[in-house]
Amino acid sequence: MRHVLKCWPEQFQDIVDRRKRFELRLCDRTYAVGDVLELREFKPDSAFYTGRQIDVQVLHMMVGGKFGLARQFVVMSICPV
């Protein structure tokens with residue numbers, strides 16, 4: 001499955017540069033290992049998209065409710081594709 005998501009500039013660049021290899025999200029979708037996240041760079045201060053995007057694949061997931069992670073969140077290990 002493909003999920004189209006907003007991504008703020010600081011986090012976006014860290015993903016592009018492969019410094020950030022995880023994504024923390026509200027678990028409001030049916031995320032699963034193998035899914036592709038289409039991350040679109042979004043500037044929240046001006047509320048517009050920059051036009052940059054990157055596709056990443058979900059390699060591993062930790063669903064909230066354990067290890068101190070709130071139940072409504074999910075941490076996904078990601079890798080650019």
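**Exercise 1.** Decide how Cys 79 should be classed: buried, partly exposed or exposed.

*Solution.* Start with the relative accessible area of Cys 79, which is 30%. Next, recall the cut-offs: buried means under 20%, exposed means over 50%, and partly exposed lies in between (1.4 Å probe, protein chains only). Cys 79 is therefore partly exposed.

Before you go on, note that this is a predicted model, where local features need pLDDT of at least 70, side-chain atom pairs count only at pLDDT 80 or more, and totals for chains, interfaces and linings use all residues. Residues are numbered from 1 along each chain as its sequence is written, and side-chain values use heavy atoms, leaving out hydrogens and water.

**Exercise 2.** Find out how many disulfides the structure holds.

*Solution.* A disulfide here is a pair of cysteine sulfur atoms within 2.5 Å. The structure holds zero of them. Take Cys 27: the nearest cysteine sulfur belongs to Cys 7 and is 18 Å away. For Cys 79, the nearest cysteine sulfur is that of Cys 7, at 15 Å.

**Exercise 3.** Work out which residues surround Asp 35 and what its charge finds there.

*Solution.* First, locate Asp 35 in the loop between strand E2 (22–26) and strand E3 (36–43); strands are DSSP runs of E, at least two residues, numbered from the N terminus. Then list its contacts (heavy atoms within 4.5 Å): among them are Met 1, His 3 and Thr 30. Now look for a salt bridge, a side-chain nitrogen of Lys or Arg within 4 Å of a carboxyl oxygen of Asp or Glu. Asp 35 is buried but has none, as the nearest side chain of opposite charge, Arg 29, is 9.1 Å away. Finally, the backbone nitrogen of Met 1 lies 3.4 Å from a polar atom of the Asp 35 side chain.

Conventions:
Lys and Arg count as positive and Asp and Glu as negative; His and the chain ends are not counted. A polar contact is a pair of N or O atoms within 3.5 Å; within protein, one must be able to donate a hydrogen and the other to accept it, and residues adjacent in sequence count only if both atoms are side-chain atoms.
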